[in-house]
Amino acid sequence: MLPLSSSPTGLKGAGDLLAEPVLYWVARGRSVVEVDGHGHPVNEGTALWVAGGRRIRVLLGRSDVLVPLPGIGRGESVRTATFAIPTSWHPWLLHAFGKALGYLDGGSSRALLEQMLAAASTRDPGPSAPPHPVSADLVALAESIVSDSSASVAELARTHLVGWTPRTLQRRFASETGLTPEKWARQQRMAQAADLLAEGNDILAVAHAVGYATASGFSRSFREQTGMSPGRWRSRTISRASVGHPADAPSAAELPAQRTWPRVNGSHVAVWALQGRSVLTIGGRNLRLDPGSTAVIPAGLPNSIRIPQGSLVLPLGFRSGRDGGIGAPVSTSTTLPGEQIDLIQAAVMAYTTMRPHDIGRTTGFDIAYSRGVYDAATLEDDAIATLASGLASGEITDTALGGCAHWLGMQERDLSRTIRDRTGLTFTQWIRLARMSRARAKLHGGEPASAISRLLGYAHLPAFSRAFREVHGASPQRLVSPLDSGGEVGRWQRDVSDRIRRWRAETPRAG
């Protein structure tokens with residue numbers, strides 16, 4: 001078992017506004033997901049579905065395993081809901097989690113999960129949360145409306161939109177949401193109130209929570225929205241089953257086939273085969289990933305993974321290439337009986353924001369690396385890992401052979417020979433793959449293609465798009481969806497990037 005003993009819980013985050021729906025699945029323990037200020041206990045074997053536009057905080061204990069699954073809708077419903085998760089769902093949920101991390105091409109399980117959740121009714125629909133604005137200024141206003149129900153929309157607009165005229169505000173807000181700011185605020189607060197009432201809260205307390213001074217004023221607004229009084233709404237929803245029971249998922253043998261896109265990593269990455277047999281290719285060498293096996297992909301070496309139908313592979317974590325080179329793996333290592341749930345926790349902590357404060361993020365990587373067998377690391381491995389890390393982080397601005405050699409303190413001919421001998425690629429081929437790996441990671445982190453094109457030194461976007469297409473087989477716009485880049489996936493990617501930047505600031509490069 002991994003060294004993850006139980007301890008008092010710790011609060012994660014100060015409250016994030018969800019840009020898309022998220023399903024929070026508790027695979028072990030008991031967590032609390034706070035939605036718009038109201039806590040929802042989520043027990044082991046259940047999941048809480050939360051619509052986009054809600055502000056959430058998560059309370060986790062050291063041993064709790066909470067897997068966030070972004071972008072999974074539930075038909076037309078926007079009601080926060082709890083579901084009992086059948087065991088048959090577990091591989092499908094982990095398949096969806098891996099897909100959400102943004103490193104896989106191929107089939108998705110999202111549509112199947114959405115259909116099954118939509119079919120598992122929990123209670124009568126209530127007032128719908130309104131569509132969220134998209135521009136930064138209006139998102140800030142919307143967040144203030146959600147968090148400060150005591151202030152009027154006009155007061156909040158004067159604070160957050162300095163220099164805006166009322167007419168500009170009305171026009172811009174309506175163009176993005178279809179509603180005036182005042183109607184948007186009323187609809188948002190009524191949706192929040194419906195959730196609070198359905199959980200049995202006192203009517204006056206709910207009225208105050210959503211900005212009404214009296215229960216009578218709140219009741220009139222609520223009746224206008226729902227056609228019934230708050231008391232009747234509360235009685236009807238409480239009397240009905242509050243936990244949905246989805247049907248069993250198909251056999252795990254039907255999990256869609258996937259593959260990683262060809263890449264050069266700036267970090268050493270540990271991967272884990274949960275089920276089925278997959279093939280890991282590192283620098284032209286193939287390794288078979290049997291069920292329960294792990295391997296570490298050294299930074300800087302070209303790699304890909306082929307994951308057939310019915311198989312499942314997840315990343316466990318990473319370590320910067322600046323920590324030194326790692327020789328190519330000679331063989332895979334094997335996980336221990338009963339270790340699976342701890343490794344799932346390690347993967348979630350490494351790649352998302354769902355983690356207790358006081359647990360190391362490299363636990364999964366350290367376990368996989370300590371059990372592996374590798375070629376002896378050489379100075380050439382150190383050079384390639386350091387170079388790949390510098391390219392991925394953006395420290396290297398001159399990506400020509402001469403610029404890279406100078407950054408490493410090497411001769412050009414020595415660097416060219418090292419790249420060819422260790423990767424099987426010419427320097428030109430290798431640098432293009434490394435740069436386009438960075439480009440795709442940044443797309444998944446929410447940056448637009450035009451900004452990435454300029455960052456990588458392309459004078460024109462079409463030239464960047466051609467280079468991207470040559471490596472990845474499709475344009476940047478086709479490969480990355482708005483939800484991947486602008487939602488929770490983008491938040492996770494930016495969180496990982498921030499951690500790497502903080503580490504780099506604390507760890508100067510030798511020489």
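Before anything else, a note to self: I count two strands as paired if DSSP finds at least two bridges between them. I'm also keeping in mind that this is a predicted model.

**Overview.** I started with the whole protein chain. Its secondary structure adds up to 20 helices and 20 strands. I then looked up burial: 53% of the 511 residues count as buried. For the surface, I got about 21,500 Å² exposed, with carbon and sulfur atoms supplying 51% of that area. I also checked contacts between residues at least 6 apart in sequence, and 75% of these join residues at least 24 apart.

**The sheet.** Next I picked out an open sheet of four strands. Reading across, the order is S17-S12-S15-S19, and the pairing is antiparallel. Which strands sit at the edges? I found S17 (312-320) and S19 (333-334) there, each pairing on one side only.

**S12 with S17.** I went through this pair more carefully. S12 covers residues 267-275, and eight bridges link it to S17 in the antiparallel sense. I looked up one bridge by residue: Ala270 has Gly317 in S17 as its partner. As a reminder, strands of a sheet pair through backbone hydrogen bonds, either parallel or antiparallel.

**Helices on the sheet.** Which strands does H10 touch? I see that H10 (residues 340-351) packs on the sheet and touches S12 and S17. I noted about 55° between the direction of H10 and that of S17. Then I turned to H1, residues 90-100, which lies across S12 and S17. For H1 against S17 I wrote down an angle of about 45°.

Methods:
Residues numbered from 1 in each chain as written. Predicted model: local features only at pLDDT ≥ 70, side-chain atom pairs only at ≥ 80, totals over all residues. Heavy atoms only, no water. Helix = DSSP H or I, 4+ residues; strand = E, 2+ residues; numbered from the N terminus. Contact = heavy atoms within 4.5 Å. Axes fitted to C-alpha atoms, helices over the stretch in contact; angles between N-to-C directions. Buried < 20%, exposed > 50% of the residue type's maximum accessible area, 1.4 Å probe, protein only. Areas by Shrake-Rupley, 256 points an atom, 1.4 Å probe, with all protein chains shown as cover.
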